[in-house]
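Dear colleague,

Please find below the structure that I am handing over to you. My notes on what was found in it follow directly after.

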Amino acid sequence: MKPKKNSYPAVNIGSSFMLVILIILSMVIFAVLSLSGALRDARYIERKAGRTANYYQANNTAEKILADIDQVLAETCEKAELFTEEYQTEAIEELNQLDHILASPAEGAEPLILIEYSVLMGGSDALEITLAANDSRSGNDGYYYITEWKQISTQEWNADSTLPVIKAN
């Protein structure tokens with residue numbers, strides 16, 4: 001009689017070890033992917049928070065300038081009657097003495113005043129504000145109404161490159 005040999009199949013040798021290695025490797029890959037995604041999201045959130053803070057700072061500055069404009073128009077109203085050319089002339093002179101404000105007469109049936117100013121937000125953005133003053137449509141709500149309050153880009157857009165779509169021979 002032959003003695004029995006302990007025979008192990010070649011497939012089972014190290015198969016559990018290989019399975020553990022594959023599981024650990026896949027977990028490491030998923031951890032690295034999750035970390036890179038989280039870091040990318042954190043950078044995006046920081047940029048977005050900075051842009052939002054810049055917007056609100058510019059908005060606060062624009063509100064302060066608007067309060068100065070309101071004060072000038074109220075003082076001018078004490079000197080001259082509303083909806084007259086005298087008020088228009090006096091208000092334009094006073095408003096143009098303020099920093100960063102452009103006041104000009106507008107065409108119309110009554111002597112309108114267009115007031116424009118912008119506030120830089122940092123980077124290449126700004127807030128652009130346009131007001132119409134000395135207009136009877138503003139009623140008893142104040143001396144002006146806001147016609148435009150928007151965020152604009154102060155940089156001109158340039159295409160990075162062109163794509164050759166059709167080559168003419």
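Which residues in H1 are buried? They are Gly-37, Ala-58, Asn-59, Ala-62, Ile-65, Leu-66, Ile-69, Val-72, Leu-73 and Thr-76. Please bear in mind throughout that this is a predicted model. The cover over the buried residues of H1 includes H2, S1, S2, S3 and S4.

Overall layout

The secondary structure of the protein consists of 2 helices and 4 strands. Along the sequence these elements follow the pattern α-α-β-β-β-β. The protein has 169 residues, and buried residues make up 22% of them. When contacts between residues at least 6 apart in sequence are considered, 44% join residues at least 24 apart.

Helix H1 covers residues 15-79. With 65 residues at 1.5 Å a residue, H1 should span 96 Å, and its end C-alpha atoms are indeed 96 Å apart, so the two values agree.

The sheet

The 4 strands form an open sheet in the order S1-S2-S3-S4, and their pairing is antiparallel. Strand S1 (101-106) and strand S4 (144-153) stand at the edges; each has a single partner strand, so one side of each is left without a neighbour in the sheet. From one strand to the next, the twist averages 20°.

Within the sheet, strand S2 (residues 112-122) and S3 run antiparallel and are joined by 9 bridges. At one point of this pairing, Tyr-117 stands opposite Ile-129 in S3. H1 packs on the sheet and touches S1, S2, S3 and S4, and the direction of H1 makes about 150° with that of S2.

The nonpolar core

The largest nonpolar core has 24 residues. Which of them touch the most other members? These are Ile-69, Leu-73, Leu-95, Ile-113, Ile-115, Tyr-117 and Leu-131. Two or more residues of this core come from each of H1, H2, S1, S2 and S3. H1 gives the most, with 7 residues.

Leu-131 may serve as an example from this core. Apart from its neighbours within four places in sequence, Leu-131 is in contact with Leu-66, Ile-69, Ile-113, Leu-114, Ile-115, Tyr-117, Tyr-144, Tyr-145, Ile-146 and Thr-147. Among these partners, Leu-66 and Ile-69 are also listed with the buried residues of H1.

A buried asparagine in H1

Asn-59 lies in helix H1. Is this residue buried or exposed? Asn-59 has a relative accessible area of 16%, and it counts as buried because the limit for that class is under 20%. Leaving aside neighbours within four places in sequence, Asn-59 is in contact with Leu-127 and Trp-149.

Salt bridges

Side chains of opposite charge can pair when their charged atoms come close. How many salt bridges does the count give? The count comes to 3 salt bridges.

One of them joins the side chains of Arg-51 and Asp-125, at 3.3 Å from N to O. Arg-51 lies in helix H1 and Asp-125 in strand S3 (residues 125-133), so this pair ties together parts that are 74 residues apart in sequence. Arg-51 is partly exposed, at 49% relative accessibility, whereas Asp-125 is buried, with a relative accessible area of 12%.

Another salt bridge is formed by the side chains of Lys-79 and Glu-90, at 3.8 Å from N to O. Lys-79 belongs to helix H1 and Glu-90 to helix H2 (residues 85-95), so the pair ties together parts that are 11 residues apart in sequence. Lys-79 counts as exposed, at 53% relative accessibility, while Glu-90 is partly exposed, with a relative accessible area of 25%.

The remaining salt bridge brings together the side chains of Lys-150 and Glu-148, at 3.6 Å from N to O. Lys-150 is partly exposed, at 37% relative accessibility. Glu-148 is also partly exposed, with a relative accessible area of 27%.

In summary, H1 packs on the sheet and gives the most residues to the largest nonpolar core. Salt bridges also tie H1 to strand S3 through Arg-51 and Asp-125, and to helix H2 through Lys-79 and Glu-90.

With kind regards

Terms used. Residues numbered from 1 in each chain as written. Predicted model: local features only at pLDDT ≥ 70, side-chain atom pairs only at ≥ 80, totals over all residues. Heavy atoms only, no water. Salt bridge = Lys/Arg side-chain N within 4 Å of Asp/Glu carboxyl O. Buried < 20%, exposed > 50% of the residue type's maximum accessible area, 1.4 Å probe, protein only. Pairing = 2+ DSSP bridges. Axes fitted to C-alpha atoms, helices over the stretch in contact; angles between N-to-C directions. Contact = heavy atoms within 4.5 Å. Core = buried A, V, L, I, M, F, W, Y, C linked by side-chain atoms within 4.5 Å. Expected span 1.5 Å × (residues − 1).
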